[in-house]
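Visitor: Hi, I'm new to this and I'd like to look around a protein model with you.
Guide: Sure, let's bring it up and start with the open spaces.

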Amino acid sequence: VLNLLIGVGGDYAMSKLNETILIGLRKDLYEQTQKLSAHFFSRYRIGDIVARFTMDIPAVEHAMMQTFSTLILASLSMVVGTVLLFVLEWKLALVAFVGIVFMFVPQKLLNKRAQRYNEEYVGIVESFSNNMDEEMKAFKVIRGFQLQESMKNRFTKQLQVWFRLGVKRSFINSNLERLPIMVLSVVNVIILGLGGYFTFQGTMTIGDL
């Protein structure tokens, strides 16, 4: 229980940390574009500038959230452990097999919500890109009518929505990985309990356990 609570709390903290870092990157990048000269905008295409928001920063996010190595390690441990159990004790192997089935239950329960958050996140990114594209194209009008503060407020509000949705998305995606691992932990406890019982009954050696 303590491991679950700490793990869930850690997932939320990591999700918030990642989004905080990304928000800082987006904000710094946006403020930098406000300082660029008209000569700069004449030299570079708007798409190249917007791509820093839509392509480069998501690439940083992808690297930060890359946790597939943990999932691969857990999967390999599960497969190897199951094979060894079949060799040593088929009853314990059967328990492990049932546990594998239950590992898919959390994904079944959370997958739709995760998909919805991911779709909403993509929508926010697209909306943000469109707004940035419009703002970059109209930078002369914005500066001419001194609308920088208004544009900055709109940018900040959109960042806040992006932040909240990003935290939810990262948190639910983290739990899609964590909960199956927790099921595996429960299976390990059951296997150890049954294995200990078999050992005390003399049907299994301590070495096999």
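Visitor: What volume does the second largest pocket have?
Guide: The second largest pocket comes to about 260 Å³. A pocket here is an open set of points on a 1 Å grid over the protein atoms alone, with protein on both sides within 12 Å along at least five of seven lines. Volume is the space filled by probe spheres set on the points, and points are joined across faces, edges and corners.

Visitor: Which residues are the closest to its centre?
Guide: Of the 15 residues lining the second largest pocket, the closest to its centre are Gly 81, Thr 82, Leu 85, Asn 188 and Ile 191. To count as lining, a residue needs an atom within 4 Å of a point.

Visitor: What should I know about the model itself?
Guide: This is a predicted model, where local features need pLDDT of at least 70 and side-chain atom pairs count only at pLDDT 80 or more, while totals for chains, interfaces and linings use all residues. Residues are numbered from 1 along each chain as its sequence is written, and side-chain values use heavy atoms, with hydrogens and water left out.

Visitor: Ok, back to the pocket. Which helices each supply at least two residues of its lining?
Guide: That would be α4 (68-88), α5 (90-102) and α8. The largest share of the second largest pocket's lining is from α4, with 7 residues. Helices are DSSP runs of H or I, at least four residues long, numbered from the N terminus.

Visitor: What classes of residue line the second largest pocket?
Guide: Its lining has 10 nonpolar residues, 5 polar ones and no charged ones. Ala, Val, Leu, Ile, Met, Phe, Trp, Tyr, Cys and Pro count as nonpolar, Asp, Glu, Lys and Arg as charged, and the others, Gly among them, as polar.

Visitor: Switching topic: how many cavities of 30 Å³ or more are there?
Guide: The count is 2. A cavity is a set of grid points where a 1.4 Å probe fits but cannot get out. The largest cavity holds about 110 Å³ of space, and the second largest has a volume of about 40 Å³.

Visitor: What lines the largest cavity?
Guide: Its lining includes Thr 33, Phe 41, Met 132, Glu 135, Phe 139 and Arg 143. By class, the largest cavity's lining has 5 nonpolar, 3 polar and 2 charged residues.

Visitor: And which residues line the second largest cavity?
Guide: Asn 131, Met 132, Glu 135, Met 151, Arg 154, Phe 155 and Gln 158 do. Helices α6 and α8 each supply at least two of them, and α8 gives the most, with 4 residues. The classes here are 3 nonpolar, 2 polar and 2 charged.

Visitor: Now the solid part. How many residues are in the largest nonpolar core?
Guide: That core has 26 residues, and Tyr 30, Phe 41, Phe 128, Met 132, Met 136, Phe 155 and Trp 162 have the most contacts inside it. The elements giving it two or more residues are α1 (2-35), α3 (46-64), α6, α7 (139-144) and α8. Its largest share, 9 residues, comes from α6. A nonpolar core is a set of buried Ala, Val, Leu, Ile, Met, Phe, Trp, Tyr and Cys residues joined through side-chain atoms within 4.5 Å.

Visitor: How many aromatic pairs are there?
Guide: There are 6. Tyr 121 and Trp 162 have ring centres 6.3 Å apart and planes at 65°, so they make an edge-to-face pair. Rings of Phe, Tyr and Trp (its six-membered ring) pair if their centres lie within 6.5 Å; planes under 30 degrees apart are stacked, over 60 edge-to-face and the rest tilted.

Visitor: Why does that pair tie together parts far along the sequence, 41 residues apart?
Guide: Because Tyr 121 lies in helix α6 (residues 105-137) and Trp 162 in helix α8 (residues 148-201).

Visitor: Is Trp 162 buried or exposed?
Guide: Buried, at 1% relative accessibility. Tyr 121 is buried too, with a relative accessible area of 5%. Buried means under 20% relative accessible area, exposed over 50%, partly exposed in between (1.4 Å probe, protein chains only).

Visitor: What about the rings of Phe 128 and Phe 155?
Guide: Their centres are 5.6 Å apart and their planes at 50°, so that pair is tilted. Phe 128 is in α6 and Phe 155 in α8, so this pair ties together parts 27 residues apart in sequence. Phe 128 and Phe 155 are both buried. Tyr 30, Tyr 121, Phe 128, Phe 155 and Trp 162 form one aromatic cluster.

Visitor: Which residue lies over the face of Tyr 121?
Guide: Arg 169, at 4.0 Å from the ring centre. Arg 116 lies over the face of Tyr 117, at 5.1 Å from the ring centre. The rule wants NZ of Lys or CZ of Arg within 6 Å of the ring centre and within 35 degrees of the ring normal.
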